[in-house]
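Subject: Handing over a structure, with notes on what was found

Dear colleague,

Please find the sequence and the structure below, so that you can keep them open while you read. My notes follow directly after them.

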Amino acid sequence: MSKRILFATLVALFAPLAAGEPAAYPSKTIRIIASQSPGGGIDTLCRIVAPKLSEALGQTVIVDNRPGANGSVAAEITAKAPPDGATLMLGAVGNLGVNALFFKNLGYDPQRDLAPITSAVSSGNVLVVHPSVPAQSVKGLIALARKRPNELAYGTSGTGGSGFLAGALFRQMTKARFLHVPYKGGGPAMVDLVAGQTQVGFASPPSAAAFIKQGKLRALAVTPARRLRLFPQLPTIAEAGVPGYETHSWYGFVAPAKTPRPLLSRLHQEIVRILHAPDVIKTVHARGLEVWTMTPDEFGTYIRSEVDKWTRVVGAKDEG
């Protein structure tokens with residue numbers, strides 16, 4: 001073999017390693033850790049993405065459900081996994097940002113130990129009340145809560161979740177006193193709301209839609225800056241009398257912090273392509289969600305902005 005051929009062969013073999021990407025990536029099964037139980041929104045999206053990512057990468061991709069502590073169990077497992085591109089997590093604002101405000105000794109630092117890949121989808125919550133509540137509008141609900149401080153209870157999936165944060169901002173901006181009742185998941189919270197054990201909810205659109213249609217809940221408004229595709233007739237809370245109010249829920253993909261940049265770039269490229277496929281967009285829309293993607297750097301910046309925002313809200317020591 002000539003020196004020229006030998007040199008070309010060596011370059012071909014070692015160029016991927018020099019760039020920081022294993023030559024055979026992916027060389028083993030990839031797992032997407034879902035920070036929710038089976039059946040939840042995070043789990044559902046993981047199971048939409050997994051088979052398509054498997055096809056794109058030519059490797060088995062499995063979903064590994066690790067619920068608990070508002071997603072912190074899944075995040076800690078991800079943070080401590082080998083940074084080889086074989087472990088991803090689909091998380092949310094809780095385990096990717098604000099849990100540190102509510103839980104001591106998380107076992108991981110979301111800013112230090114997790115590497116953003118891309119945001120995935122976003123939605124919002126819908127403000128609903130039990131039919132026994134006489135308020136017919138957002139302004140009516142605020143007036144009622146001010147008249148009857150801490151008598152109206154709103155149940156959520158837990159401290160730090162999107163419903164809790166939506167309620168915290170609502171209390172702060174309206175000075176209306178509601179009683180927060182945390183549950184171990186959105187399912188139990190919805191059961192008690194429909195039963196009238198609690199009176200108010202900041203619910204996910206898919207979980208509330210059937211009950212609204214059946215008249216078991218009354219919808220007043222939605223929490224994002226824009227109206228939701230699933231409830232186009234409902235005003236935003238800002239439109240309904242609380243100017244400047246805006247919250248939305250979102251999911252995003254991350255990996256262990258030291259995952260090589262080339263692997264993060266490859267995963268970002270494939271996941272974003274999958275999320276923007278027409279069939280995926282159709283499925284996501286049917287669940288009241290919107291595809292919402294960013295570059296890794298943009299997503300990291302956005303997560304930090306969310307932490308700053310909610311630190312100000314929950315640190316305000318409002319009346320609730």
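Just after helix H2, Gly 58 takes a positive phi of about 70°, and that residue is a convenient place to begin looking backwards along the helix. Please keep in mind throughout that this is a predicted model.

Helix H2 covers residues 41-57, which makes 17 residues, and at 1.5 Å a residue these should span 24 Å; because the C-alpha atoms at its two ends are 24 Å apart, the expectation and the model agree. The helix does have a kink of about 25° at Ala 50, shortly before the proline Pro 51. Several residues of H2 are buried, among them Ile 42, Leu 45, Ile 48, Val 49 and Leu 53, and the list of buried residues also includes Ala 50, where the kink lies.

Asp 43 in this helix deserves a closer look, since its relative accessibility is 4% and it therefore counts as buried, the cut-off being under 20%. It forms a salt bridge with Arg 47, in which the closest N and O atoms are 2.8 Å apart, and both residues lie in H2, four residues apart, which is about one turn of the helix. Arg 47, with a relative accessible area of 43%, is partly exposed.

In total, 13 salt bridges were counted. One of them joins the side chains of Arg 66 and Asp 64, at 3.0 Å from N to O, and these two residues are linked with Arg 31 in a network of salt bridges. Here Asp 64 counts as buried because its relative accessibility is 15%, whereas Arg 66 is partly exposed at 32%. Another salt bridge is formed by Asp 113 with Arg 112, the closest N and O atoms being 2.8 Å apart; Asp 113 is buried, with a relative accessible area of 15%, while Arg 112 is exposed, with 57%.

Finally, there is the question of empty space, which can be found by rolling a probe the size of a water molecule over the atoms. The second largest pocket has a volume of about 290 Å³. Which kinds of residue make up the lining of this pocket? The lining divides into three nonpolar, four polar and five charged residues, and among the residues that line the pocket are Ser 122, Ser 123, Pro 224, Arg 226, Glu 246, His 248 and Glu 290.

With best wishes

Notes
Residues numbered from 1 in each chain as written. Predicted model: local features only at pLDDT ≥ 70, side-chain atom pairs only at ≥ 80, totals over all residues. Heavy atoms only, no water. Expected span 1.5 Å × (residues − 1). Bend = angle between axes of the 7 residues up to and from the residue. Buried < 20%, exposed > 50% of the residue type's maximum accessible area, 1.4 Å probe, protein only. 1 Å grid on protein atoms, 1.4 Å probe; cavity = no way out; pocket = protein on both sides within 12 Å on 5 of 7 lines; lining within 4 Å. Points joined across faces, edges and corners; volume = space filled by probe spheres on them. Nonpolar A, V, L, I, M, F, W, Y, C, P; charged D, E, K, R; others polar. Salt bridge = Lys/Arg side-chain N within 4 Å of Asp/Glu carboxyl O.
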